[in-house]
Amino acid sequence: MPRRPSAALPRRAERRPITVLFCDIVGSVALANTLDPEDMMHVLDVFRTSCDDIIARHNGYVARYLGDGVLAYFGYPSADEEEASRAVRAALALQAAMGSLPLPNGIKCQVRIGVATGLVVIGDLVSRGEIREVDVVGEVPNLAARLQSAAPAGGVIVSEATQRITAGLFTYRPLGPLTLKGFDAPVQAFEALGATESGSRSRARAESAHTPTFGRDHELRILIDRWSKVRAGEGQVVLIRGEAGIGKSHLVEALRRHVADAPHVQTTWNCGPNTTDSALYPVAEQLARTAGFERGESVEERRAKLTRLVTRFGLTSPLSTAALADFLGLPPAPSSPLEGLTPDKLKAVTLDALLASLDAWAGQETVLLAVEDLHWSDSTTLELLDRVAAKAKGRRWMILATARPEFSNRWTDTADLLHIELTRLDRGAAERICAHFDAAAALPPEASRQIVARCDGIPLFIEEMTKSVLEGMAAAPTRQGDARVFIPATLHDSLVARLDRLGPARRIANVGATIGRHFSYDLLAEVMNAPEAELRQGLLELTRSGLVESHGLPPQSEYLFKHALIRDAAYESVLKRERDALHRQIATVLREHFSDLQKKEPELLAHHLTESGAASEAIPLWAAAGQRAASRAAHVEAVGHLETAVELLRRQPPGAERAAAELPLLLGLAVSLSASRGYAAPEVGRVLAEARVICDAMGNVPELFAVLRNACSFYIVAVEMGPASETARLCLEMASKTDLPEQRIESQYAQGYLLYMRGELTEARKYLENAGELYRRHGGAQLVFPSPQDPLVGSLCALMQVIDALGDEAGADRIEEELEAHVLRLGRDYDRAYSLCFRALLASARRSYVRLRTLADEALTVCNERSYPLYGAIASFYKGVAIGHLEDADAGLHIAMSAFDALDRIGCKLARADRLNDIGRVRMAMGDFGDALSVIDVAIADSISCGETFPLPKLRRTRAELLEGAGRLTPDMATKDRAGALPGALPK
């Protein structure tokens, strides 16, 4: 009989990923026609018994028998991060077992097997008479059944999702798209041919990826240093610990690649979740590989291979040979020396023989022994490893072990132990991983930001989510601008597995996740309305699980899901209709009991109203949340809130009332988009164009000035000088009519900045100083401006460059001091990032590279913390320039060029010629005068053609120095050429 759900199985319907195996006997109808019914029943009983045993050994759940077929689930009732690989292993084991079934009359049985992975809804237990079954609804069971029908006799076919999750663990043969009954489109499928030597998904990924070790250079250097000590005869034991997906196996593989060309031998013990109760399984697997065992060979062949191995190792003791044969599952020979040994004595003999064989295998070689995933190791393997670690001292052995945090360090007293704790990557490293897998820069900026934000610095999460989003875009090319960011199938099972281990606390995780990534005890208590003791115990279990962290004690405690994706998995496992009800309940509780929270975090109530279908009530709350976030320079958050408000508003019927409500939302969105994505980002231009249409339709509205002023900034950063001049002129005209101080300040600043770009320095100085004077006279710090940065900050930044270019270095220094003091008084991160980048521009123009490095590092810190990609890229550029002049020219140039390309991608053409000048000077410092001259010539041509001629004098000075350095210009000629590049000189 199949294993039926017990009372312990979950009764609440839920959404969850599972892997389904469907196995069917080939030719069963013909077989039934030729056999006596009793014999056929015996065949089915033997087949089902074999299925029960194999599926159970691989942690599967036999859901039901369908005549001569069997339906099994993996990942139910508890999810397992290896559920897909267990299902494929079970399928291959079933395939192999069929040939040896004890069937009557010499009958040989073959099966067809289909395996598919995906999301299903698993319902409540359904009673059908005395049988209670689990309702599973979704595409996956049907797909597994259809794949089984398409499989050849004795074949195993898996779905594309299963193959992707288990890639590297098995050898697959692509079958191409299959046309399956009931499926509208052809389905990609693969035939499973056998298992590889990779023992775990983590190792398989590390072996196949060959990606750089982003953010782990320091740790890799430490491992390389320890390897050098090993080669000098100092044995090393290294334990790398960190949470799942943090990059432990990747770091091990990076060391393997580094030492690949050095003389040494290496092997790996792979611990796994399937084998925690199998003593010494990782060692047996490794020894069988060393002996050359192959699937399907006879006992005699294996015994001969083992004999050759122990002979090569020089193990002459019959007791050791017999112990190794027993260890590898070979039946004992007659009069075995193991007869009469107690279990403890057999274990001791086996451990001695294994240690001796390892010693003989190593010989005098340098050894790298990697032990992966120690948290899944059995106790006997750990005991053997203890002895190996002790033996490593004084030998050229490196024991390199990996484990998750729950594994406690066993070797605190071991000499030369190195313990490396891997932490989450910073934002910069996370962005580099995302960019590495998005080599074609196909991801929309918002998708990249979401990936980095939601993956919390876990390299595996970043990699898999980036790949998943790109695959989704490729599958639906018409939605390129709307890339969906969701939990990849390759991560879903491992995330749900962690939730399943919670037991009753799982329900608390579901409700908490519906509230949000962060939730409080008092809010959760009101929503759940559960007994206090039960709720407190559940939260204690949830905290102990490591999935959430808590602050304070109930009822004042606060909780945070440590991983955004864990929160997403907990939320997405709740049925949609139940989610809707929970959102309505949370919204009601917030309104009735948490009015202060509504004011402090209006987005929380707005979210729950939106998800419960009350969009019209949510719109003003989203608008308030956007305004509040923008006032704190949290522009990324402001963009999300305001975009949601606009999207919901546009679902309402068009008309004057909707337009009037939409215009301020669009203006706020344009400002925050400019700050968070760059003034010239395409979405900024699109939003401003939409706002201009509304202004034109509504007539001469006050919001028109804000639209024009932000459009002027858009054109300035895109270096579209014609439209920039026109919008600056219109701003001046409007300001003169309204006489509003904020408009006069902004219009003077915009006109001054435009003149500065053109190199008309005297006129630019006049307008910029006027803007500053008006700001001070009218208490500008208290005014509301339509631009993301403070206009005095912007005016001083440009004025500083102008005065320095006019030759007044001391005057520029005084402006910089005023700027720094004003930014400090404002206390706004955006103005700080903006000003630091302009101060870096001045330091670069003066070739003060030590100061440039300091300013760039400070700006990068702010930009990474607050997600300012435009100024982050500018700061990265200047950091590269400083490194190029102070440390490593090649490395600095690489950093600078990467940032240069990033600025081009986001549409920032402003100061592009300045940046080319810096690149040319780094190349000149490298002695590469030819390429440097080419860069400068391109910069001069660009500067003249686009009209941003401010950088021309410095470009001409650089060109003269290059020609002189290359010997193509005499000093006298160089002096004449520089005469056209004096401070304030204009292009001819």
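Visitor: Is Ser867 buried or exposed in this model?

Guide: This is a predicted model, and in it Ser867 has a relative accessibility of 14%, so Ser867 counts as buried, the cut-off being under 20%. You will find Ser867 in the loop between H36 and H37.

Visitor: What can I learn from the phi of Ser867?

Guide: Start with the general idea: most residues other than glycine have a negative phi, and most peptide bonds are trans. Ser867 is not a glycine, yet its phi is positive, at about 60°. Ala911 can be read in the same way. Its phi is about 65°, again positive although Ala911 is not a glycine. Ala911 sits in the loop between H38 and H39, and with a relative accessible area of 15% it is buried.

Visitor: And the peptide bonds? Which residues does a cis bond join?

Guide: One cis bond joins Tyr76 and Pro77, with omega at about 5°. Look for Pro77 in the loop between strand S3 (69-74) and helix H3 (83-97). Another cis bond runs from Pro554 to Pro555, where omega is near 5°. Pro555 belongs to the loop between strand S15 (548-551) and strand S16 (558-561).

Visitor: Now the rings, please. How many aromatic pairs are there?

Guide: The count comes to 18 aromatic pairs. A pair of aromatic rings is described by the distance of the centres and the angle of the planes. Take Tyr753 and Phe838: their ring centres are 6.4 Å apart and their planes meet at 80°, so this pair is edge-to-face, a label for angles over 60 degrees. Tyr753 is in helix H31 (residues 741-758) and Phe838 in helix H35 (residues 829-845), so the pair links parts of the chain that are distant, 85 residues apart. Both residues, Tyr753 and Phe838, are buried.

Visitor: What are the distance and angle for Tyr830 and Tyr871?

Guide: The centres are 5.7 Å apart and the planes are at 75°, which is another edge-to-face pair. Tyr830 in helix H35 and Tyr871 in helix H37 are 41 residues apart, and their pair also links distant parts of the chain. Tyr830 has a relative accessible area of 1% and is buried; Tyr871, at 4%, is buried too. Ring pairs also build a cluster, made of Tyr749, Tyr753, Tyr756, Tyr830, Tyr834, Phe838, Tyr868, Tyr871 and Phe950.

Visitor: How do I read the empty space, and how many cavities are there?

Guide: Rolling a probe the size of a water molecule over the atoms shows where empty space is left. Here the count is three cavities of 30 Å³ or more. The second largest cavity holds about 360 Å³. Of its 25 lining residues, Tyr753, Tyr834, Phe838, Tyr871 and Leu910 lie nearest the centre. You met four of these names in the ring cluster, namely Tyr753, Tyr834, Phe838 and Tyr871. Two or more lining residues come from each of helix H29 (703-717), H31, H35, H37 and helix H39 (912-925). By class, this lining has 19 nonpolar, two polar and four charged residues.

Visitor: What volume does the second largest pocket have?

Guide: About 1,800 Å³. It is lined by 47 residues, and the closest to its centre are Glu431, Arg432, Ala435, Ala902 and Arg905. Helix H14 provides the largest share of the lining, eight residues. The lining has 21 nonpolar, 12 polar and 14 charged residues.

Visitor: Which residues touch the most other members of the largest nonpolar core?

Guide: That core has 114 residues, and Ile240, Leu400, Ile451 and Leu539 touch the most other members. Helix H27 (residues 656-677) gives the most to this core, with eight residues. A second, separate core of 96 residues includes Cys712, Tyr749, Ala840 and Tyr871. As for Ile240, its contacts beyond four places in sequence include Leu223, Val252, Leu400 and Ile420.

Visitor: Where is Ile487 found, as a last example?

Guide: Ile487 is in the loop between helix H16 (459-475) and helix H17 (489-500). Its relative accessibility is 6%, so Ile487 counts as buried. Setting aside neighbours within four places in sequence, Ile487 is in contact with Met465, His492, Leu495, Leu565, Asp568, Ala569 and Glu572.

Technical notes. Residues numbered from 1 in each chain as written. Predicted model: local features only at pLDDT ≥ 70, side-chain atom pairs only at ≥ 80, totals over all residues. Heavy atoms only, no water. 1 Å grid on protein atoms, 1.4 Å probe; cavity = no way out; pocket = protein on both sides within 12 Å on 5 of 7 lines; lining within 4 Å. Points joined across faces, edges and corners; volume = space filled by probe spheres on them. Helix = DSSP H or I, 4+ residues; strand = E, 2+ residues; numbered from the N terminus. Nonpolar A, V, L, I, M, F, W, Y, C, P; charged D, E, K, R; others polar. Core = buried A, V, L, I, M, F, W, Y, C linked by side-chain atoms within 4.5 Å. Buried < 20%, exposed > 50% of the residue type's maximum accessible area, 1.4 Å probe, protein only. Contact = heavy atoms within 4.5 Å. Phe/Tyr/Trp six-rings, centres within 6.5 Å; stacked < 30°, edge-to-face > 60°.
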